[in-house]
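Visitor: I should like to learn how the local features of a protein model are read. May we work through them in turn?

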Amino acid sequence: MAFSSMAFLFGFLPAAVLCYYLIPARYRAGRNGVLLLFSLAFYAWGGLRLLPVLLANCLVSWAAGLLLAPGRRGRRAVFWTGVGLNLLPLLCFKYTGFLAENLNALGLKLKIPGLLLPAGISFFTFQAVSYLADVYRGTIPPERNFARLTLYTAFFPQLLQGPIVRYGDFGPLLADRRETVPEVSAGAVRFCFGLAKKVLLADALGTAANGAFAAGDRLSVGLAWIGSIAYTLQLYFDFSGYTDMALGLGQAFGLPLPENFDYPYTAQSAAEFWRRWHITLSRWFRDYVYIPLGGNRCSRGRHLLNLLAVWLLTGLWHGAAWTFVVWGLYYAALLAGEKYLWGGALERLPRPVRHLYALLLINFGWVLFRAGSLGQAGDVLSAMLGFAPGGLWSGEAEYDLRQYAWEWLIAVPAVLPVRLWLSRRLEFSRERGSALSAAALALGPKVLALCLLGLSAVRLLSSTFRSFLYFQF
């Protein structure tokens with residue numbers, strides 16, 4: 001069930017909120033129980049037969065966590081056994097087919113299994129591993145209450161696409177939190193803005209991107225650039241839109257979730273981009289893979305190997321395909337180059353040049369990420385560099401610019417921190433006594449959120465539903 005579906009917006013979500021707030025706040029276990037039941041129902045909606053995979057993950061994490069309590073013997077063996085058992089379903093469901101395809105390419109004749117990938121398995125598996133690692137390190141105590149740990153894993157706002165949450169941040173809130181009207185209101189506003197990102201911008205731009213990537217011999221230079229930029233914007237609004245909705249829902253239930261985006265397209269280098277994009281995933285790989293391998297506090301050769309390992313895993317985490325492997329290696333090369341080759345020269349360049357450099361490299365990377373094969377990625381990238389079978393310009397390119405003119409006009413400034421700038425200006429005016437600015441700060445976001453909710457509902461009723469891009473991971 002997707003957040004942008006009518007079933008969720010006008011059925012599941014109102015029922016969850018109503019049942020949650022019918023229970024008095026002093027009955028914290030009761031409210032947690034409501035969230036747990038709705039979270040399990042939310043996951044089962046997409047396929048009841050996949051629910052045991054999620055529950056098995058929770059059971060392994062809970063049991064292993066108890067056995068990792070300080071003072072117990074064999075903690076190292078328990079930790080690696082727990083991690084292995086949690087990673088096993090991810091490896092089987094996500095990578096068995098990819099492995100079989102590549103072995104068949106080498107001459108074997110293996111049957112490629114048709115396994116249905118459980119939704120969100122990459123996200124809840126990483127949360128389970130982080131929980132076990134933190135308990136093993138002594139950062140947090142093991143959770144003895146199975147229901148609480150299950151709610152941490154299955155919490156429906158962030159179950160399918162993150163953000164990836166640490167139990168040290170989430171667990172204490174299950175026992176002691178406070179829901180307030182201003183927080184619930186702010187969460188609802190953020191949810192509406194996230195919904196609009198997905199429905200009004202991402203889906204429309206996705207149509208332009210899909211057309212360009214499927215153009216084949218009709219692909220022109222202009223269409224290739226329009227398609228790649230459209231996908232660059234689509235992916236941001238789709239994923240950050242989901243994140244806004246998740247954070248808004250968490251806020252409404254008194255369970256704040258970590259930020260996952262910080263205006264990534266304002267970055268001036270590949271390294272800065274990954275400090276701003278999918279922040280919780282970057283931190284996960286940093287804390288549980290990169291630093292344990294030695295980080296950058298080692299020789300240059302070892303550091304390059306650490307970068308290579310992290311980005312190879314990052315690529316494979318996103319998908320079982322060679323395009324994702326090459327995409328991961330692409331960023332490993334960029335980060336290594338910025339660290340050891342051209343980073344110093346880059347810092348001396350003017351900010352607009354550094355920004356253009358980053359945007360071009362990010363855009364090229366997303367072509368690899370979006371393409372269905374390395375061949376298709378090569379065709380689109382070649383077309384962007386001038387080697388296009390369809391010439392310099394085409395009618396399709398002009399159509400995409402005209403057909404989605406409003407989306408282009410809104411999307412480009414929306415990736416910039418315009419909202420922050422406007423809020424600061426209004427806050428400055430309010431402090432100087434401006435009643436109009438005070439009213440704009442108090443009512444502006446709420447009124448705009450209601451308008452966006454109405455427009456989103458109309459668009460949902462009049463168009464075909466599209467799932468979120470990161471559901472496939």
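Guide: The discussion below treats several features of this predicted model.

Visitor: How many aromatic pairs are counted?

Guide: The count comes to 58 aromatic pairs. One of them joins phenylalanine 273 and tryptophan 366, with 6.1 Å centre to centre and 75° between the planes. Planes over 60 degrees apart count as edge-to-face, and this pair is edge-to-face.

Visitor: Where in the chain do phenylalanine 273 and tryptophan 366 lie?

Guide: Phenylalanine 273 belongs to helix α10 (residues 270-276) and tryptophan 366 to helix α15 (residues 351-370). The two residues are 93 residues apart, and the pair links distant parts of the chain.

Visitor: Is phenylalanine 273 buried or exposed? And is tryptophan 366 buried or exposed?

Guide: Buried means under 20% relative accessible area. Phenylalanine 273 has a relative accessible area of 0%, and is therefore buried. Tryptophan 366 is buried as well, with a relative accessible area of 0%.

Visitor: Which charged end sits over the ring of tryptophan 317, and which over the ring of phenylalanine 213?

Guide: Over the ring of tryptophan 317 sits the charged end of lysine 94, 5.5 Å from the ring centre. For phenylalanine 213, the charged end is that of arginine 370, at 4.7 Å from the ring centre.

Visitor: Turning to a single side chain, what does arginine 190 touch?

Guide: Arginine 190 is found in helix α8 (residues 181-213). Not counting residues up to four places away in sequence, arginine 190 touches Asp244, Leu247, Gly248 and Glu259. With glutamate 259 there is a side-chain polar contact of 2.8 Å. Arginine 190 is partly exposed, its relative accessible area being 24%.

Visitor: How many disulfides are there, and why does cysteine 92 form no bond with cysteine 58?

Guide: The count of disulfides is zero. A disulfide requires two cysteine sulfur atoms within 2.5 Å. The closest cysteine sulfur to that of cysteine 92 is in cysteine 58, and because the separation is 18 Å, it is too far for a bond. Cysteine 92 is partly exposed, with a relative accessible area of 35%. Cysteine 19 is also partly exposed, with a relative accessible area of 32%.

Visitor: What span should helix α19 have?

Guide: The expected span is 1.5 Å times one less than the number of residues. Helix α19 (residues 418-431) has 14 residues and should therefore span 20 Å; its end C-alpha atoms are 20 Å apart, which agrees. After α19 comes glycine 433, with a positive phi near 100°.

Visitor: What is the general expectation for phi and for peptide bonds?

Guide: Most residues other than glycine have a negative phi, and most peptide bonds are trans. Here, tyrosine 263 has a positive phi of about 45° although it is not a glycine. Tyrosine 263 lies in the loop between α9 (221-252) and α10, and counts as buried at 14% relative accessibility. Histidine 278, likewise not a glycine, has a positive phi of about 45°. Histidine 278 lies in the loop between α10 and α11 (279-293), and counts as buried at 0% relative accessibility.

Visitor: Which residues does a cis peptide bond join?

Guide: A cis peptide bond joins glycine 162 and proline 163, with omega about 10°. Proline 163 is found in the loop between α6 (146-154) and α7 (167-175).

Note on methods:
Residues are numbered from 1 along each chain as its sequence is written. This is a predicted model: local features need pLDDT of at least 70, side-chain atom pairs count only at pLDDT 80 or more; totals for chains, interfaces and linings use all residues. Side-chain values use heavy atoms; hydrogens and water are left out. Rings of Phe, Tyr and Trp (its six-membered ring) pair if their centres lie within 6.5 Å; planes under 30 degrees apart count as stacked, over 60 as edge-to-face and the rest as tilted. Helices (H or I, at least four residues) and strands (E, at least two) are DSSP runs, numbered from the N terminus. Buried means under 20% relative accessible area, exposed over 50%, partly exposed in between (1.4 Å probe, protein chains only). A charge sits over a ring if NZ of Lys or CZ of Arg is within 6 Å of the ring centre and within 35 degrees of the ring normal. Contact means heavy atoms within 4.5 Å. A polar contact is a pair of N or O atoms within 3.5 Å; within protein, one must be able to donate a hydrogen and the other to accept it, and residues adjacent in sequence count only if both atoms are side-chain atoms.
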